[in-house]
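Biologist: Please take one chain of this assembly and go through it slowly for a beginner, starting with the backbone and ending with the neighbours.

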Amino acid sequence: MIRPLRRRHARAMAGLAVVLPLGFAAALVAREPERTTLLPEAVAPAGPAIEAPMHAVDDAWGELDLGMRVGRTAGRVVVELAPRREVRRPDLLVYWTAAESVGDALPGDAYLLGSLGERARRYALPARADGGSLVLYGMAHHGVVASAPLPR
Amino acid sequence: MGLEYRAVGWNRQKKLYDLTLAAAVAVYLAAFVGVGLALKPNATAETLLIRAFGTAAFALLHVILSIGPLCRLSPRFLPLLYNRRHLGVTMFFLGLAHAALSIVQFHLFGDVNPLVSVFTSNAHYGDVADFPFQPLGLAALVVLFLMAATSHDFWLHNLTAPTWKALHMGVYVAYGLLVMHVALGALQAERSPLYVVLVGAGLAWVLGLHLYAAGREAARDRAGVGPAAGEEVGDGFVDVCAVDEIPDARARVVCAAGERVAIYRYGGRLAAVSSVCQHQNGPLGEGRVIDGCITCPWHGYQYVPETGESPPPFTERVPTFPVRVRDGRVQLDPRPRPAGRPAGSCSVKGAP
Amino acid sequence: MLVTLVSWLVGLAAAYLAVGLVFAVAFVTRGAGRVDPVAAHGTWGFRLAILPGCAALWPLLARRWARGERAPVERTPHRDAAGPAEGAP
């Protein structure tokens with residue numbers, strides 16, 4: 001390196017030695033406090049109430065750990081899905097299908113009920129629905145993440 | 001310059017260097033993905049690869065930035081410098097893989113041009129915690145591209161070494177951008193103190209090493225000779241040192257006419273040349289005389305001591321300085337002779 | 001507003017690189033040897049290796065090619081103090 005560049009290097013390093021530690025420290029100070037995953041129990045689930053409870057299934061969704069309650073309101077089937085642990089997927093949609101078993105692709109008759117919440121949510125199924133399956137569909141990878149048959 | 005340009009002028013040392021580098025990168029990527037899968041089984045392959053490439057590039061950048069100052073502090077690190085450009089190009093490709101996967105994962109499937117989306121999907125430019133860190137990474141990648149794209153000797157010759165070196169000092173800008181890219185990006189989400197300590201230690205290491213080396217170099221530059229600094233002894237010559245202070249086949253480096261001069265002793269003679277190699281401006285005065293030629297410690301470019309010219313068929317040449325011996329003392333005329341008009345040499349006994 | 005501005009800048013950069021790429025193909029096949037005689041005998045691997053740089057720095061190379069200029073001699077404090085080299089243009 002020639003002397004003018006050695007001087008430029010020394011000046012650049014002196015500048016970086018001031019700016020970078022300040023920027024680094026500012027970024028650390030500005031970090032938001034870590035979010036906890038504690039969910040308030042007392043909040044009422046969103047969606048229609050279940051007037052006549054029929055079934056409660058704890059283990060229908062495998063490792064997703066969702067509690068499922070099924071009942072009826074005004075003649076229509078209502079399903080409640082309640083995550084018991086944080087679901088680390090922000091993009092899941094809940095569908096109903098008449099099919100009893102579901103592969104990787106969304107069935108053609110799939111009926112969108114809504115998105116899966118981080119707290120319990122209730123979904124009113126279409127009037128024709130009796131039996132069939134619920135499907136969780138991931139938007140990011142365009143695929144079925146899990147499905148569970150609906151208890152009759 | 002060589003007689004013919006090739007993509008890479010392979011030799012045994014370069015092959016060994018590149019094989020070691022390729023193996024180290026492959027082992028790192030495999031270990032990162034393997035350990036990542038074991039610790040976080042829910043992580044997708046894309047996420048693990050994005051992080052593996054990103055961390056590999058950032059870690060390699062620390063190695064690259066350490067080589068220059070380490071070589072100023074000890075010649076033991078010179079073998080790392082020899083092929084440093086391949087480290088830089090490898091680092092660019094690791095960064096490119098990180099960026100390409102990230103853009104595919106986070107920006108490709110929207111209705112906005114993915115590159116536009118990098119700058120606009122998060123517009124909180126006034127917020128520190130939520131600052132759009134991705135544009136910082138992309139800006140660094142552009143700088144690294146310019147450096148990787150101009151890493152061939154063709155560019156050294158056609159831009160000239162000082163301009164090429166100045167362009168490649170852009171690596172410090174890229175480093176600053178990447179530190180902030182990591183601090184405002186990954187460190188906002190990953191809460192383990194380990195990551196903060198690792199990035200902070202890397203920053204302290206790089207800045208500390210460069211500041212220390214820069215301080216030493218500045219002190220060497222200040223200790224000059226010449227009409228202002230040295231003792232003028234007549235005819236414009238200045239006193240430098242005793243003849244016996246220069247070991248055979250080695251040089252005494254002094255600062256004169258605004259730059260370092262290498263006064264070489266070889267086989268009973270003395271000659272002085274500008275200590276700036278024409279190839280990459282390496283420190284000629286820290287080399288040795290091999291096969292009768294001053295040999296640059298960086299890449300082995302050679303110059304005949306008396307003429308400052310590379311032996312034919314090579315065409316490099318550097319300015320030279322008249323040198324003489326009086327009463328066992330080496331004396332230098334600090335007015336450089338243009339390249340191609342040699343200042344000649346003298347005997348260590350004082351005869352011309 | 002931001003999207004419009006950034007779209008403009010990205011479009012500008014893409015146009016610059018597109019022109020550069022067309023220039024670079026011509027330069028590495030014909031121009032490189034004119035600007036730097038050593039490059040006239042360069043291997044195809046070499047031509048491929050300098051192509052991205054030619055696409056990025058095309059205004060500089062285009063000017064040199066058009067004016068028939070060669071690479072300048074580097075500037076260092078010693079060369080500046082010594083004056084023009086022997087045999088230099």
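**A close look at chain B**

Modeller: Ala249(B) is found in the loop that joins strand β2 (237-242) to strand β3 (251-256) of chain B, where strands (E, at least two residues) and helices (H or I, at least four) are DSSP runs numbered from the N terminus. The model is predicted, so to speak of local features pLDDT must be at least 70 and side-chain atom pairs count only at pLDDT 80 or more, while totals for chains, interfaces and linings use all residues. Residues are numbered from 1 along each chain as its sequence is written, chains are lettered from A and ligands numbered from 1 in the order written, and side-chain values use heavy atoms, without hydrogens and water.

Let us stay with the backbone for a moment. Most residues other than glycine have a negative phi, and most peptide bonds are trans. Against that background, Ala249(B) stands out, with a positive phi of about 70° although it is not a glycine. A second residue of this kind is Asn281(B), which is not a glycine either and yet has a positive phi, here of about 60°. Asn281(B) also sits in a loop, the one between β5 (269-274) and β6 (288-290) of chain B. The peptide bond, too, has an exception to show, for the bond that leads from Pro312(B) to Pro313(B) is cis, with omega near 10°. Pro313(B) belongs to yet another loop of chain B, which runs between β8 (302-303) and β9 (320-321).

From these loops we can step back to the domains, whose bounds come from an automatic or database domain assignment. Chain B is divided into domain 1, covering residues 12-221, and domain 2, covering residues 232-347. The loop residues Ala249(B), Asn281(B) and Pro313(B) thus have numbers inside the range of domain 2. When the centres of the two domains of chain B are taken over C-alpha atoms, 38 Å separate them. The two domains do touch, since 14 residues of domain 1 are in contact (heavy atoms within 4.5 Å) with 13 residues of domain 2. Between them they bury about 1200 Å², counted as the accessible area (1.4 Å probe) that two parts lose on being put together, summed over both. Carbon and sulfur atoms give 44% of the area buried between these domains.

Next come the helices of domain 1. Helix α1 of chain B, made of residues 12-39, has helix α4 of chain B, residues 84-107, as one of its partners, and their axes come within 10 Å and cross at roughly 30°. (Axes are lines fitted to C-alpha atoms, for helices over the stretch in contact, and angles run from 0 to 180 degrees between N-to-C directions.) α1(B) and α4(B) are therefore roughly parallel to each other. (Angles under 35 degrees count as roughly parallel, over 145 as roughly antiparallel, 65 to 115 as roughly perpendicular and the rest as oblique.) On the side of α1(B), the residues that make this contact are Tyr17(B), Asp18(B), Leu21(B), Val25(B) and Leu29(B), and on the side of α4(B) they are Arg84(B), His86(B), Leu87(B), Thr90(B) and Leu94(B).

Another partner of α1(B) is helix α2 of chain B, residues 45-73, which packs against α1(B) at an angle of about 140°, with the axes 10 Å apart. These two helices, α1(B) and α2(B), are therefore oblique to each other. Here α1(B) contributes Tyr17(B), Leu21(B), Tyr28(B), Leu29(B), Phe32(B), Val33(B), Gly36(B) and Leu37(B), while the residues from α2(B) include Leu48(B), Phe53(B), Leu60(B) and Ile67(B). Tyr17(B), Leu21(B) and Leu29(B) therefore appear in the contact of α1(B) with α4(B) as well as in the contact with α2(B).

Finally, chain B has neighbours. With chain C, the contact takes 46 residues from chain B and 42 residues from chain C. About 3200 Å² is buried between chain C and chain B, and carbon and sulfur atoms give 70% of this area. On the side of chain C, the residues that lose the most area to chain B are Glu74(C), His78(C) and Glu86(C), together 20% of what that side buries. With chain A, the contact takes 38 residues from chain B and 27 residues from chain A. Chain B and chain A bury about 2900 Å² between them, with 70% of it on carbon and sulfur atoms. Of the area that chain B buries against chain A, Met169(B), Arg191(B) and Leu207(B) supply 21%, more than any other three residues.
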